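Please explain how this model is organised around its ligand, and then walk through some of the helices, loops and backbone details that can be read from the coordinates.

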Amino acid sequence: MTTDTTGTAARDGQPRHGGPAHSPFVRACRREPGPHTPVWFMRQAGRSLPEYREIRANVPMLESCRRPELVTEITLQPVRRHGVDAAILFSDIVVPVAAAGVDLDIVPGTGPVVAEPVRTAADVDRIRPITRDDVSYVDEAVRLLVAELGDTPLIGFAGAPFTLASYLVEGGPSRTHAKTKALMYGDPDLWHALCARLAEVTLSFLRVQVDAGVSAVQLFDSWAGALSEADYRRYVMPHSVRVLGGLADAGVPRIHFGVGTAELLGAMGEAGADVVGVDWRTPLDVATRRIGPDKAVQGNLDPCVLLAPWPVVEAEVRRILDQGRAAPGHVFNLGHGVLPETDPDVLTRVVALVHELSARPVE
Ligand code: CP3
């Protein structure tokens with residue numbers, strides 16, 4: 001794990017280890033200088049790790065998300081192994097929706113599958129608001145993790161209304177989001193009612209995580225890139241604004257991420273993010289021009305590059321760090337989640353390389 005040797009902490013008379021709020025990761029999110037560019041990986045806790053596969057054997061995915069000791073162990077595995085600058089809570093975006101009463105399962109090899117897809121206002125009404133008691137296992141897991149992690153920050157997360165709505169309307173994963181868009185264009189009132197309900201569930205879920213001590217939150221709107229900017233602004237953004245704006249007083253950085261969002265980067269920042277996640281299609285200097293100078297960026301190595309020979313990985317890491325210097329803050333990450341076939345040793349080498357190449361004296 002890294003040592004925070006920043007001048008600010010010394011000036012304030014604080015100990016050099018200022019806790020997660022002074023970590024390189026939180027500093028970069030806040031566009032403050034730090035000792036190096038922080039790095040973590042979406043899906044860092046997961047199928048690329050043998051120790052993960054072992055501990056998950058015979059435990060269904062949703063059940064594993066509801067066992068705080070197991071969540072704690074799985075969340076810590078990549079921190080121990082790779083020395084990443086942040087942990088991300090092991091969970092799934094459908095966990096709060098299941099807690100809200102939606103009958104769903106996570107099917108191995110497929111993903112989330114919803115028993116009765118949303119079609120009517122009555123279906124929307126059945127999605128209940130959630131309280132801490134509905135997700136007490138998450139509250140407990142975050143508290144255990146914060147105690148274990150010390151100076152390493154924990155990132156909480158949730159799915160954004162559009163991405164959640166896609167699973168609920170399609171009934172499962174979809175390439176085109178055709179049923180979702182048909183509902184959005186064909187019955188805007190029902191669409192907005194569904195997204196408003198999902199925004200409340202998501203906001204409550206993130207509040208539980210913030211109250212339990214996470215140092216940052218990431219809102220995953222993984223599939224928002226399926227929309228034009230005009231449709232995003234009209235049908236989706238008000239609901240993501242509700243979630244991110246609802247956390248404005250929470251005192252933790254808010255990261256907003258999607259895939260294929262080159263045209264949406266400005267709007268996703270405007271929705272209330274402190275950090276905008278960028279996939280591999282948009283260079284970080286270009287992304288920064290679209291997002292503006294008052295937000296940090298996160299990204300954006302193509303996860304497939306990790307499957308190439310090391311010299312290719314190294315060259316791409318260098319390019320991304322160079323382009324990231326155009327941003328007022330840069331959190332190194334992938335452009336989307338770690339692929340299951342990734343060699344975990346390559347991830348460890350990437351962390352070391354990012355730290356080495358970006359090391360800088362602070363004051
Ligand atoms: O790596 C793993 O497979 C871990 C276990 C697992 C997760 N979700 C963890 C998770 C599994 C089997 C799932 C099921 C799932 N959920 C799938 C299918 C996965 C597959 O390839 O079989 C999908 C597509 C979902 C829905 C989902 N979950 C989305 C769209 C997102 C947002 C991130 C993304 O990939 O776009 C999630 C979040 C999620 N699921 C996290 C984790 C650990 C988020 C935190 C992180 O990035 O580490």
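The shell of residues around the ligand, in what is a predicted model, comprises 12 nonpolar, 5 polar and 3 charged residues when sorted by class. In total 20 residues surround the ligand, and the closest of them are R43, R47, D92, S222 and H336. The space that the ligand takes up is the largest pocket.

Three of these contacts can be described atom by atom. R43 takes part through its backbone, with an N or O atom there lying 2.8 Å from an oxygen atom of the ligand, whereas R47 uses its side chain, a polar atom of which lies 2.6 Å from an oxygen atom of the ligand. D92 also contributes a polar side-chain atom, in this case 2.7 Å from a nitrogen atom of the ligand. Taken alone, the ligand would expose 840 Å², and the protein buries 89% of that area.

From the ligand we can turn to the backbone, beginning with the peptide bond that joins G299 and N300, which is cis, with omega at about -10°. N300 belongs to strand β8, which covers residues 296-301. The loop that runs from β8 to α15 (310-324) holds P303, and with a relative accessible area of 5% P303 is buried, because the cut-off for that class is under 20%. The C-alpha atom of P303 is separated by 8.5 Å from that of W280, although the two residues are 23 positions apart along the chain.

Two residues other than glycine take positive phi values, and they sit in contrasting surroundings. R31 has phi near 65°, although it is not a glycine, and it is placed in the loop between α2 (24-29) and α3 (50-56). With a relative accessible area of 40%, R31 is partly exposed, because this value falls between the 20% limit for buried residues and the 50% limit for exposed ones. H177, likewise not a glycine, has a positive phi of about 60°, and its place is in the loop between α9 (161-170) and α10 (178-186). H177 counts as buried, because its relative accessibility of 4% is under 20%.

The helix on the N-terminal side of that loop, α9, deserves a closer look. Why can α9 be called largely enclosed by the rest of the structure? The reason is that 10 of the 10 residues of α9 are buried, and these are P161, F162, T163, L164, A165, S166, Y167, L168, V169 and E170. The list therefore includes E170 and T163 together with residues such as F162 and L164, so that burial extends over the whole of α9. Just after α9, G171 takes a positive phi of about 90°.

Another helix, α6, spans residues 95-99 and contains V95, which is buried at a relative accessible area of 1%. The C-alpha atoms of V95 and P38 are separated by 28 Å, with their positions 57 residues apart along the chain. P38 can also be set against V146, which lies in helix α8 (residues 136-149): here the separation is 108 residues in sequence and 19 Å in space, C-alpha to C-alpha. V146 itself is partly exposed, with a relative accessible area of 33%.

The loop that follows α6 and leads to β2 (104-107) contains G101, and G101 is partly exposed at a relative accessible area of 41%. G101 and R128 are 27 residues apart in sequence, yet their C-alpha atoms are 6.4 Å apart in space.

The last site to consider is D123, in helix α7, which covers residues 121-125. Is D123 buried or exposed? Its relative accessibility is 14%, so D123 counts as buried, the limit being under 20%. The side chain of D123 reaches the backbone nitrogen of R119 at 2.7 Å, a distance that falls within the 3.5 Å allowed for a polar contact.

Note on methods. Residues numbered from 1 in each chain as written. Predicted model: local features only at pLDDT ≥ 70, side-chain atom pairs only at ≥ 80, totals over all residues. Heavy atoms only, no water. Near = heavy atom within 4 Å. Polar contact = N/O pair within 3.5 Å; in protein donor to acceptor, adjacent residues only side chain to side chain. Areas by Shrake-Rupley, 256 points an atom, 1.4 Å probe, with all protein chains shown as cover. 1 Å grid on protein atoms, 1.4 Å probe; cavity = no way out; pocket = protein on both sides within 12 Å on 5 of 7 lines; lining within 4 Å. Sits in = over half its atoms within 2 Å of the grid points. Nonpolar A, V, L, I, M, F, W, Y, C, P; charged D, E, K, R; others polar. Helix = DSSP H or I, 4+ residues; strand = E, 2+ residues; numbered from the N terminus. Buried < 20%, exposed > 50% of the residue type's maximum accessible area, 1.4 Å probe, protein only.
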